[in-house]
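Work through the following exercises with the sequence and the coordinates open beside you. Each task is followed by a solution that proceeds step by step.

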Amino acid sequence: SQASFEEDSQKQPAVGHWKTLMPSKGSKEEPETGCQDAGGADETQSTEQLNVSRLRSSSVEIREKGSEFLKEELHKAQKELKLKDKECERLSKVREQLEQELEELTASLFEEAHKMVREANTKQAASEKQLREARGKIDMLQAEVTALKTLVITSTPSSPNRELHPQLQSPSKAVFRKGHGRNKSTSSAMVSAASQNVTPEPVSHERKEVDSILFAEFQAWKESPTLDKSCSFLDRIYREDVGPCLDFTKQELSELVRVAVEQNTLTIEPVASQTLPVMKVSAEECGGPKKCALSGLPRTCKHRIMLGDSGNYYYISPSCRARITAVCNFFTYIRYIQQGLVRQDVELMYWEVMRLRREMSLAKLGFYPSEM
């Protein structure tokens with residue numbers, strides 16, 4: 001019963017409220033419509049608020065996710081940057097090590113190059129020294145060979161050379177030579193003996209007097225011996241003796257002979273014991289066994305000459321041979337003096353030079369030994 005009362009009370013309108021049973025046409029639906037409009041506006045407003053809140057929540061979520069992504073990317077970039085820094089540091093160390101090795105290698109190469117240059121300079125200096133010594137020995141041997149050739153050529157049965165036949169020397173000379181025979185080198189002993197005994201024995205009826213001008217010129221030359229003909233000593237001998245003695249009819253060949261004598265490259269050999277060579281120049285220039293190449297006159301030529309290594313032989317008469325031999329003897333003796341092979345007093349050397357000059361003068365005038 002109480003429940004039914006409550007239902008009835010709920011069905012009945014509340015006190016103070018009225019309800020229009022028959023609304024008018026103008027205002028029939030207005031209250032209801034206003035309620036509906038108010039409810040729709042609220043609903044729209046709530047929807048918009050919901051959408052805004054959703055948008056706000058989504059934007060916040062996006063921001064959070066973006067910040068997390070950016071943090072992750074930043075963390076990755078930092079890691080990569082650290083790795084790159086380590087790699088750069090490692091490469092920098094490698095570069096420094098390579099630069100240091102390169103500097104050490106360059107320094108070692110330069111040191112090795114300087115060492116090689118020093119060794120090469122030392123070897124070159126030693127080689128040049130050996131070459132100079134060898135040339136000096138060659139010059140010495142050539143001088144000895146020339147002296148021996150001169151001794152052999154000038155020794156004949158009718159006029160033997162006393163240097164090659166010691167038994168023909170006087171006792172005093174034999175003792176003098178024996179006293180200087182202690183040199184172990186045979187050739188040097190022969191040259192020394194030849195240079196010390198070239199002065200002939202004085203003739204009893206011959207008198208000599210030193211010319212002061214000639215002796216002064218020879219002394220000045222002896223202080224610094226040279227083969228340069230510009231000095232006063234050799235200039236006089238060239239003008240007065242060597243030039244006239246080597247002045248033959250064939251001027252061109254005479255000049256070649258003079259140059260060969262000065263350079264010590266002239267060879268004289270007998271014809272009889274030699275096979276006739278193949279002529280490289282005309283027979284008119286070389287002459288023949290019956291014609292002298294220097295004078296151009298028909299003469300019996302027992303000797304011939306060769307200038308240097310040309311291979312051309314020129315037949316010469318005994319007179320021309322005597323003139324050439326006299327000049328060669330003079331140059332051989334002054335070469336001995338220049339090389340220090342003559343150990344005599346200055347006055348004795350001067351008189352030997354004067355004797356050689358006299359031989360050149362006599363040969364120029366046509367005087368020569370019969371064995372020529």
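**Exercise 1: Confidence along the chain**

Task: Determine what the model offers for residues 23-31, where pLDDT stays under 50, and then set this beside the confidence of the whole protein.

Solution: Over residues 23-31 the pLDDT (the predictor's confidence in each residue, from 0 to 100) remains under 50, and the model has one contact beyond four places in sequence for this stretch, a contact meaning heavy atoms within 4.5 Å. Over residues 165-204 the pLDDT is also below 50, yet that stretch has 42 contacts in the model beyond near neighbours in sequence. This is a predicted model, in which local features need pLDDT of at least 70 and side-chain atom pairs count only at pLDDT 80 or more, while totals for chains, interfaces and linings use all residues. Residues are numbered from 1 along each chain as its sequence is written, and side-chain values use heavy atoms, with hydrogens and water left out. For the protein, the average pLDDT is 77, and 70% of the residues score at least 70. Among the elements, helix 3 (residues 171-179) has the lowest mean pLDDT, 37, and helix 6 (residues 232-245) the highest, 95.

**Exercise 2: Elements and burial**

Task: State how many helices and strands the protein has, and what percentage of its residues is buried.

Solution: Taking helices (H or I, at least four residues) and strands (E, at least two) as DSSP runs numbered from the N terminus, one finds 10 helices and three strands. Their order from the N terminus is α-α-α-α-α-α-α-β-α-β-β-α-α. Of the 372 residues, 25% are buried, where buried means under 20% relative accessible area, exposed over 50%, and partly exposed in between (1.4 Å probe, protein chains only). Among contacts with a separation of 6 or more, 67% come from residues 24 or more positions apart.

**Exercise 3: The packing of helix 6**

Task: Decide whether helix 6 is roughly parallel or roughly antiparallel to helix 10, and do likewise for helix 9.

Solution: Begin with helix 10 (residues 346-365), whose axis lies 8 Å from that of helix 6 at an angle of about 30°; axes are lines fitted to C-alpha atoms, for helices over the stretch in contact, and angles run from 0 to 180 degrees between N-to-C directions. Angles under 35 degrees count as roughly parallel, over 145 as roughly antiparallel, 65 to 115 as roughly perpendicular and the rest as oblique, and helix 6 and helix 10 are therefore roughly parallel. By class, this contact has eight nonpolar, one polar and five charged residues, with Ala, Val, Leu, Ile, Met, Phe, Trp, Tyr, Cys and Pro counted as nonpolar, Asp, Glu, Lys and Arg as charged, and the others, Gly among them, as polar.

Next, helix 6 and helix 9 (residues 318-338) pack at about 155°, with their axes 9 Å apart, which makes the two helices roughly antiparallel. Residues of helix 6 in this contact include Leu-234, Ile-237 and Tyr-238, and those of helix 9 include Phe-330, Phe-331 and Ile-334. The contact has 10 nonpolar, no polar and one charged residues.

**Exercise 4: Individual residues**

Task: Establish whether Glu-217 is buried or exposed, and which residues it touches beyond four places in sequence.

Solution: Glu-217 is found in helix 5 (residues 212-223), and it counts as buried because its relative accessibility is 15%. Leaving out residues up to four places away in sequence, Glu-217 touches Ser-232, Phe-233 and Arg-236.
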